[in-house]
Amino acid sequence: MAAGASIITIVSNARILLGLEPINALEEDVTGLAANFWDTVRQSTIRMGSWASCRKRKLLLPEATAPDWGWAYKFILPSDYLRVISVGENDEAIEYEIEGTDTGAVLLSDEAEIKLRYCFDNKAPGTWDAILVEACTFHLAALAAYTATGSTTLQQSMQSNFAATLALARGVNAGEAPVDRMGDRPVRWSRYSGSGRW
């Protein structure tokens, strides 16, 4: 857990990486890092990994109204949902599909209930893995590098650091949740692809 981490420290550290002055309050950041990029960076960086600090599980029950066609049941995904980690337990081969609606994302399946493990939108950096804090810092810096400094070299450097941090995180996260590793079993790989239907 990255005790003491906050939006302010992440934005401030991203500024330092770009050669800018650190800040003590978000209002001091005239680059727009927090105002323009924070929500997108947080959500997309969490989606890119299977961070232990951003995992949840929930039993989903079907809506009263079934899908118009193709599947037997429709399930409303949690409001903080960002990405599926797994559906079902152990080696269950459960077919499903994720769709968007005007009120949020839904999961479609022929199963009467869904045991869902998912990445959620954890908005509290103080509860995050330290590598996630580092990844978000590099991600912010990469997005703002050219606008803030005019340097494509610095932009590319931040992008490379971000990619390297994500690669490191995948190895660490795989060790903390071995059943989530792709490639050990074909059934699991088909589940992670989003749907068993082609």
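**View 1. Gly100 and the E4–E5 hairpin in a predicted model.** Gly100 stands opposite Ala105, a residue of strand E5. The two strands shown here are E4, residues 96–101, and E5, residues 104–109. They run antiparallel and are joined by 6 bridges. Follow the chain from E4 into E5 and you pass through a hairpin of 2 residues.

**View 2. The E2 partner of strand E5.** Strand E5 also pairs with strand E2, which covers residues 73–76. This pairing is antiparallel too, and it has 4 bridges. A handy landmark here is Ile76, whose bridge partner in E5 is Val106. Taken with the first view, this places E5 in pairings with both E2 and E4.

**View 3. Strand E3, enclosed by the rest of the structure.** Strand E3 spans residues 81–87, and 7 of its 7 residues are buried, so the strand is largely enclosed by the rest of the structure. Its antiparallel partner is strand E6, residues 114–120, and 5 bridges join the two. If you would like one pair to start from, pick Ser86, which has Arg117 as its bridge partner in E6.

**View 4. Arg55 at the start of strand E1.** Strand E1 runs over residues 55–60, and Arg55 belongs to it. Is this arginine buried or exposed? Arg55 has a relative accessible area of 18%; the cut-off for buried is under 20%, so Arg55 counts as buried. A polar atom of the Arg55 side chain lies 2.6 Å from the backbone oxygen of Ser50.

**View 5. Helix H1 and its cover.** Helix H1 takes in residues 7–17, and its buried residues are Ile10, Val11, Ser12, Ala14 and Arg15. An α-helix has 3.6 residues a turn, so residues three or four places apart point the same way. What lies over the buried residues of H1? The cover includes helix H2 (33–47) and helix H3 (130–149). After H1 comes Gly19, with a positive phi near 80 degrees.

**View 6. The whole chain, for orientation.** Zooming out, the protein chain has 5 helices and 6 strands, in the order α-α-β-β-β-β-β-β-α-α-α along the sequence. The chain has 198 residues, of which 42% count as buried. Among contacts between residues at least 6 apart in sequence, 72% join residues at least 24 apart. The exposed area is about 10,600 Å², with 53% of it supplied by carbon and sulfur atoms.

Terms used
Residues are numbered from 1 along each chain as its sequence is written. This is a predicted model: local features need pLDDT of at least 70, side-chain atom pairs count only at pLDDT 80 or more; totals for chains, interfaces and linings use all residues. Side-chain values use heavy atoms; hydrogens and water are left out. Buried means under 20% relative accessible area, exposed over 50%, partly exposed in between (1.4 Å probe, protein chains only). Contact means heavy atoms within 4.5 Å. Accessible areas come from the Shrake-Rupley method with a 1.4 Å probe; for residues, only the protein chains shown count as cover. A polar contact is a pair of N or O atoms within 3.5 Å; within protein, one must be able to donate a hydrogen and the other to accept it, and residues adjacent in sequence count only if both atoms are side-chain atoms. Two strands pair if DSSP finds at least two bridges between them.
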